[in-house]
Structures are given as C-alpha cells and as structure tokens.
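Biologist: I am new to this structure and should be grateful for a close look at a single part of it, the packing of one helix against another. Please set that part in its wider context and explain each term as it arises.

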Amino acid sequence: MKLELKMENLLNLKAQVQPAWIKRTRRSICPNRCMPHSPRPIRDFMRWMLVIITCTFTISATTIAEAQMSMTTRQPWPVSQQCPTGGPEADKIFQLAVDYHKARKGMPWDLAKAEELYEEALAMGSAKAALNLGLIYRQDYYSRPHQAERLKYMMALFEYAEEMGCPEALTMQAEAYWEGWGVRKDQKKAEALIRKAAEKGSLMSITNLGSNLYDDGRHEEGKAWLEKALKLGCGNAGEFLAQIYRREKNAEKMIYYLREGAKLGSAECLLSLSLIYNMGNYGQPKDREYEKKIDKVAASFDAKEAPKPIPNFDELVPPRPVLPWKDR
C-alpha cells in the first residue's frame, strides 16, 4: 500500500514537470522587414550574417545532440542482484526501454518511447526502471526548462527505488546530495549514503567508496574495498586499482588488475590495456599484434550493454611477461 501511494506521488510530481515542455513557435526574421529603408548592401550583409548565425546554431545543436548520445553510450555499471526486476515480463520491457534509450540493437534513439516503456516496467515492479528514468530526467532532459521540478522528480524516483530494495538507489541519491541536484548540497550525507549502499552490496558504491578512501589517504582500506568490488564481479574496479598501481609505479600489479577487469567485461580495462601496448607505455614494449588481440576482444561485445564475463580471455589474449616500470 505504501509503495502504491508513493507511485501516485510520483505521477503527481511528473505532472508538475511536463506542462512546461510545450513547443514554442519562433517568429521568422526577415532583414527586409526589419530594415525596409536600408541600402541594399546593408540588407545583403544582414542576410549573410543571419545565414552564418543560423549555421552556427545548427552546428551547436548537432554538437549538443552528439554529446547527449555520447552520455548514453558509455558502458553501464553492473546492478546488484538485490535490485528488483519485477519479474521476467517487466525485465523484458525494461531491456526494450534500454534499447531505445541507448540506441542499441538497431533501435533508434527515442527518449519518449524509452520513458514510456520504463514507466510500464516500473509499474510492474522494476526498480532498475526507476533508476534509468531518474537518469533521463537529470541527464538527457538537461536542456529542458523547470530544472528544479525535474530534479525533484528524479530524487523521488531514486527514493522509490530505495524503498523497493535497490542498493544502487542509495548511490544515485548520494551523487545528488554531493552535487546538490534537487536537494540541498550535503557531502556528509552523501558519504554516509555511499557507505550504506556499499554495505548493502551496490557495486558502484563499493568501487566509489574504495576510490574515495584511497584519495583521502586511507590507502589500504581503499584497496580492500576495490578488491572486494572486483571479487563481486565489478570489472571497473580493476581500472581503479590499475590507476592506483600506476601512481605507485608498479607495472606488474597495474597490468594484473587491468586483465582481471577485462575478464569481467570492462571496456575501460580493455581500452587501457590496449593503449599500453599501442604506445609502449610504462616500460612495456610496443606490440601491435598483441594490441590487435585485445581490440578484437573489445569489438566482440556491445559496450552499450552491461559488462559480461569473458571466461576464455587468457586464451584470446595470453598473458605475457611484464617488464619493470619505466616512466613514459
């Protein structure tokens, strides 16, 4: 009953946001009407200036659209098993929504369709749908008006997902409190939420907590959390650990953790590993053939989908001796 009331509140919040999104018609600008008595050279000059300005705004709009698409194509974080899916049918609808949201599996990029399908999956009990809806209202709709209302709706979605039992919802709330999105900025509360989410099993929070602890000077504790995330199946934790050992100039451990992350399907680990042998960094030789083997593995899966383990990674990219560290 409590969740049903919460769902009703979500719909009321959404109703406050959407009316502002009515398309406005723009008046056309004609230099002849604006300057009816101007000499012809000035009118011609104004025409060309309007053409240049129009082209500039068109290019800017294209750039913004491309930026929006780039945000949606980054490899998503794995979601913990505790996060409710709502059952097979709801998960099927959720996956279709992701196809439209991320423009994957041949689907066009259609946020309106994605939002509709996420809402359908959410009504069937998918907490993951609530998380992705919140991200749409924060990231993909960032250029739309009424930002305060949008972010308030986003937070309500994350709180609803938390009540459904999804640890990742705490991670999303922590980020909002850290940045002041839809709530008063409160970094202490954000840190508490990250730790709470990590203790509940959120792989994203376990990884971020480990990274933050290391940056705060609590090196061993930070490494322990990151290794825990890696053991639980978060390949991106391997990239964070590799960055730590890169700072410590330990080539053997850096490459070890990149390989471990790559085995779990981390696109970031595969990219970092490929670049080492492409450029001959950190004392390792340039080896284009070895780099091609890594790139072939990276090309074999869709980076728009959640990472999947690569059980035969050592056969596809055999381990090779790691040379001592050398600065670039």
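Modeller: The account below begins with the whole chain, turns to the helix packing, and then visits some further sites.

This is a predicted model, in which local features need pLDDT of at least 70 and side-chain atom pairs count only at pLDDT 80 or more, whereas totals for chains, interfaces and linings use all residues. Residues are numbered from 1 along each chain as its sequence is written, and side-chain values use heavy atoms, with hydrogens and water left out.

The protein has 16 helices and 0 strands; these are DSSP runs, numbered from the N terminus, with helices (H or I) of at least four residues and strands (E) of at least two. Of its 328 residues, 41% count as buried. Here buried means under 20% relative accessible area, exposed over 50%, and partly exposed in between, for a 1.4 Å probe and protein chains only. Where residues at least 6 apart in sequence are in contact (heavy atoms within 4.5 Å), 61% of those contacts join residues at least 24 apart.

The part in question is the packing of helix α9 (residues 187-200) against helix α10 (residues 203-215). Their axes are 8 Å apart and meet at an angle of about 130°. Axes are lines fitted to C-alpha atoms, for helices over the stretch in contact, and the angles run from 0 to 180 degrees between N-to-C directions. The angle makes α9 oblique to α10, since under 35 degrees counts as roughly parallel, over 145 as roughly antiparallel, 65 to 115 as roughly perpendicular and the rest as oblique. The crossing of α9 with α10 is left-handed, a term for a near helix turned anticlockwise from the far one by less than a right angle, clockwise being right-handed.

On the α9 side, I194, R195, A197 and A198 take part, and they meet S205, I206, L209, N212 and L213 of α10. By class, this contact comprises 6 nonpolar, 2 polar and 1 charged residues. Nonpolar covers Ala, Val, Leu, Ile, Met, Phe, Trp, Tyr, Cys and Pro; charged covers Asp, Glu, Lys and Arg; the others, Gly among them, are polar.

Helix α10 also holds T207. T207 is buried, with a relative accessible area of 0%. Apart from residues up to four places away in sequence, T207 touches W77, L226, A229, C234, A237 and F240.

Elsewhere, the structure holds 6 aromatic pairs. Rings of Phe, Tyr and Trp (its six-membered ring) pair if their centres lie within 6.5 Å, and planes under 30 degrees apart count as stacked, over 60 as edge-to-face and the rest as tilted. One of the pairs, Y137 with Y153, is edge-to-face, at 4.7 Å centre to centre and 80° between the planes. Because Y137 lies in helix α6 (residues 127-140) and Y153 in helix α7 (residues 147-163), the pair ties together parts 16 residues apart in sequence. Both Y137 and Y153 are buried. Ring pairs also link Y245, Y256 and Y257 into a cluster.

Finally, V322 is found in the segment after α16 (313-316). At 30% relative accessibility, V322 is partly exposed. Its C-alpha atom is separated by 5.8 Å from that of E252, 70 residues away along the chain. Leaving aside neighbours within four places in sequence, V322 is in contact with A251, E252, I255 and Q284.
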